[in-house]
Amino acid sequence: MSDDNILNIAGSGRDIIMDDVATHVFPVNMYAAQSLHGYSTLHVNESKSTGSQHKDSHVTDTVNNARVLHAIQVMSNQGKRKRGPKEKDTFQRFVYCLPERYGKLPKFTSFDQNEKAIIKAHQKAGYGYPAQDYIDGIAQKTHICLSYNAEQFMEFIRTLFSKLVNRKWDMYKIDKQRRLLRVEQDTPRGIKDMKYQGYLLIIPYDNDNDRPQSVIYRTGEDYIIQVSTNHTDHSTFDETDTGCTTPINHCSLELQEVIKPPHVDVKSSPVASPSRLTSQMSSAMMSTTSQNTMRMPIVSSCHSIRNENECDVAVKIEQEELCHKTHELPQPASQQPERRLTSPVIQSNVNTSMAFIAKSKLVVIAETYRGLLQNPLSVTIRKDHLVDDVIRLYRANPSFGNHHIRVFMNCDGYPSDQSNAIPAGTMFVMFWREVLHRFFQGNREYVPVVDLDMDEEFYVTIGRILYHGLVLFDYWPVRLAQACTAVILTEKCSDSQLTTSFYNVMSESEKKVVNEAKKEIRSNIAEFTLPVLRNLCRTLRFYGNVVKPQPCTFDDLILRLARYYLVRNSYWALSGISAGFISSFSGNLPVITEHDVFKLYARLSPNALTLFEKVNFIFSPTEHNTCIDMEEKRTKMYLEVAIMKMTTDQMARMLTRWCYFDCLCADQLYTRFHPQSVSEPPMFDPDTRTLNVSSVYSSQEEFTALLMSRLDESVDVTADVVIV
């Protein structure tokens with residue numbers, strides 16, 4: 001049989017079976033059958049064939065062996081052909097339409113109610129998911145037909161979203177950094193071939209000039225700055241509008257805040273786009289560089305104020321008009337701007353994001369009393385005796401908390417008749433830092449320590465200082481235990497808050513011992529093991545424990561110790577602070593609840609997420625340089641990652657450099673990018689509450705290392721203060 005016959009069998013359109021091979025390929029008597037021992041079973045006569053016949057048979061066997069191997073190879077290749085299911089006519093993807101390119105991009109997989117509220121708002125406006133695929137608040141994937149061409153696909157998308165009629169749109173995909181990358185494929189086949197399984201975002205636009213860029217960084221999470229001007233895009237800061245005669249390098253924080261562009265109407269301010277605002281901010285800030293307000297690099301020590309022949313007395317009433325609304329050093333009445341411009345005119349969209357952290361009633365009350373403060377007073381304190389001088393000042397002048405203040409500090413190495421001006425808020429930060437270290441104890445939160453030799457009026461005076469810092473700057477020492485604050489303001493505290501503050505007062509080693517005990521409790525043991533019991537007795541003895549801890553009553557024991565240590569043991573001190581604080585309100589303090597205390601701490605405690613809501617990013621002009629824009633967006637992400645990884649202490653140190661305060665009492669903070677700078681260490685300017693950074697850094701590690709090295713430096717703002 002020829003090789004062609006074998007190939008015909010293999011390619012005949014049916015499966016090859018062994019019968020075919022046996023019948024058509026292998027002759028019946030091609031091989032001699034052999035027994036188990038390898039001997040031939042053919043007839044004896046066949047074994048007596050001539051030598052020529054035996055030789056011809058050997059040649060035939062060799063040829064047939066090649067044919068068998070070839071047939072086997074054909075059959076093996078036939079078996080490798082896999083048969084899969086036929087491709088479907090449609091495929092499924094999540095499709096989501098944003099109202100505009102600056103619309104808030106929700107986190108689709110998040111269970112946060114705020115993210116769900118954004119989706120519901122988009123759905124109500126006619127965007128979001130297709131109505132047919134959004135049923136009872138649950139989104140489903142949209143079926144997309146593979147056979148559509150580009151025009152049919154565009155009409156299909158317009159049928160999904162009625163808002164896209166007579167409008168243009170681009171499709172984007174989301175990468176791991178939450179960047180939006182434009183999808184260049186315009187057909188369903190091209191989209192499927194991308195092998196992208198995530199969300200397809202639709203971003204509409206009206207004309208080619210408004211078309212979004214091919215790469216959009218974190219759409220909607222950039223801070224939209226609100227500016228209104230009667231002129232073109234070039235708004236400038238004019239010092240003459242403030243009526244300020246003080247040199248710019250001697251001005252206070254308030255004067256930096258009230259600088260405004262001409263003809264600004266805050267109430268009618270539309271929301272401008274970030275690209276336009278970048279140009280506005282750049283031209284505005286560039287106009288003030290000659291006055292040394294926003295120059296890079298900037299490391300500003302505290303501003304100095306010229307001393308007007310002040311005496312050595314601790315308190316002196318100035319012959320100036322009262323400034324009711326400023327948060328820092330007061331100015332004469334003729335130089336005061338209106339109240340509505342005391343905060344920077346450049347505003348972010350914090351109204352929506354900060355709405356989730358509502359103001360505490362205490363902050364609202366403090367804002368009311370801030371308008372009732374009387375004539376400004378000047379005080380002189382010694383740096384090395386700061387606590388003693390401040391305590392003596394408030395004790396000798398009970399009404400001192402009803403005034404604005406100017407603070408001057410005498411430092412060692414300077415003549416006694418010369419003083420250095422410091423921001424008034426810095427005095428409170430330095431005071432509470434030293435008081436908590438000397439008269440309180442704890443770890444993350446601090447509890448007052450009662451000393452038999454302590455002056456009876458000491459804690460009453462502490463309460464007056466607490467009131468004055470709150471009214472002047474919304475400042476509260478958040479390291480003071482929250483349970484103690486609740487007792488001071490409400491005379492009671494819940495069990496859950498007592499337990500939480502108790503754990504925050506403990507050291508890390510003490511909390512580790514308690515956690516080991518809880519681990520054994522979860523294993524349903526009747527008695528603690530000897531090592532755990534010994535460590536518990538050592539740890540809890542300091543907090544007043546005199547009984548043997550038992551697993552069945554351990555939670556009650558912790559609650560009793562928390563109530564004893566946080567409230568009863570320090571009740572005399574807490575009562576004195578409460579008396580001084582409440583008396584400063586002249587008996588008119590409204591009822592404060594524990595929930596108000598919780599909101600106060602939630603708003604002021606150093607926290608990365610809360611900080612992000614207060615930071616405004618000032619980018620460089622990027623009309624003709626998209627590379628700088630991309631690098632600055634990347635640097636912004638570097639900053640956010642670095643802040644997210646900070647501890648509470650590190651964040652407090654950073655805030656002290658950023659705005660003079662160690663808590664989040666400042667309404668607005670700023671970060672400005674400098675395109676002419678590359679990989680420079682971040683520079684803090686607390687007088688303008690601005691962090692100056694380079695536009696370009698090589699990596700996340702480099703930026704974090706430079707930022708942390710800056711924070712490791714001294715944060716004492718009086719260290720480099722200029723003599724007046």
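Asp-388 sits in helix α11, which covers residues 386-396. The model is predicted. Is Asp-388 buried, exposed or partly exposed? Its relative accessible area is 37%, so Asp-388 counts as partly exposed, since that class lies between 20% and 50%. Phe-431 comes 43 residues away from Asp-388 in sequence. In space, the two C-alpha atoms are 9.5 Å apart.

Next comes a pocket. The second largest pocket has a volume of about 960 Å³. Its lining is made up of 32 residues, and those closest to the centre are Arg-444, Val-478, Arg-479, Thr-648 and Asp-649. Where does this pocket lie? Domain 2 (361-601) and domain 3 (606-721) both give residues to the lining, so the second largest pocket lies between them. Four helices, α12 (424-439), α15 (495-505), α20 (594-604) and α23 (648-659), each supply at least two lining residues.

The table sorts the lining of the second largest pocket by class.

| Class | Lining residues of the second largest pocket |
|---|---|
| Nonpolar | 14 residues |
| Polar | 11 residues |
| Charged | 7 residues |

Helix α18 is the last topic. It runs over residues 554-568 and has 15 residues. How far does helix α18 reach from its first C-alpha to its last? The span is 20 Å, close to the 21 Å expected at 1.5 Å a residue. Which residues of α18 are buried? They are Phe-554, Leu-557, Ile-558, Leu-559, Leu-561, Ala-562, Tyr-565, Leu-566 and Val-567.

Terms used
Residues are numbered from 1 along each chain as its sequence is written. This is a predicted model: local features need pLDDT of at least 70, side-chain atom pairs count only at pLDDT 80 or more; totals for chains, interfaces and linings use all residues. Side-chain values use heavy atoms; hydrogens and water are left out. The expected span of a helix is 1.5 Å times one less than its number of residues. Buried means under 20% relative accessible area, exposed over 50%, partly exposed in between (1.4 Å probe, protein chains only). On a 1 Å grid over the protein atoms alone, a cavity is a set of points where a 1.4 Å probe fits but cannot get out, and a pocket is an open set with protein on both sides within 12 Å along at least five of seven lines; lining residues have an atom within 4 Å of a point. Grid points are joined across faces, edges and corners, and a volume is the space filled by probe spheres set on the points. Ala, Val, Leu, Ile, Met, Phe, Trp, Tyr, Cys and Pro count as nonpolar, Asp, Glu, Lys and Arg as charged, and the others, Gly among them, as polar. Domain bounds come from an automatic or database domain assignment.
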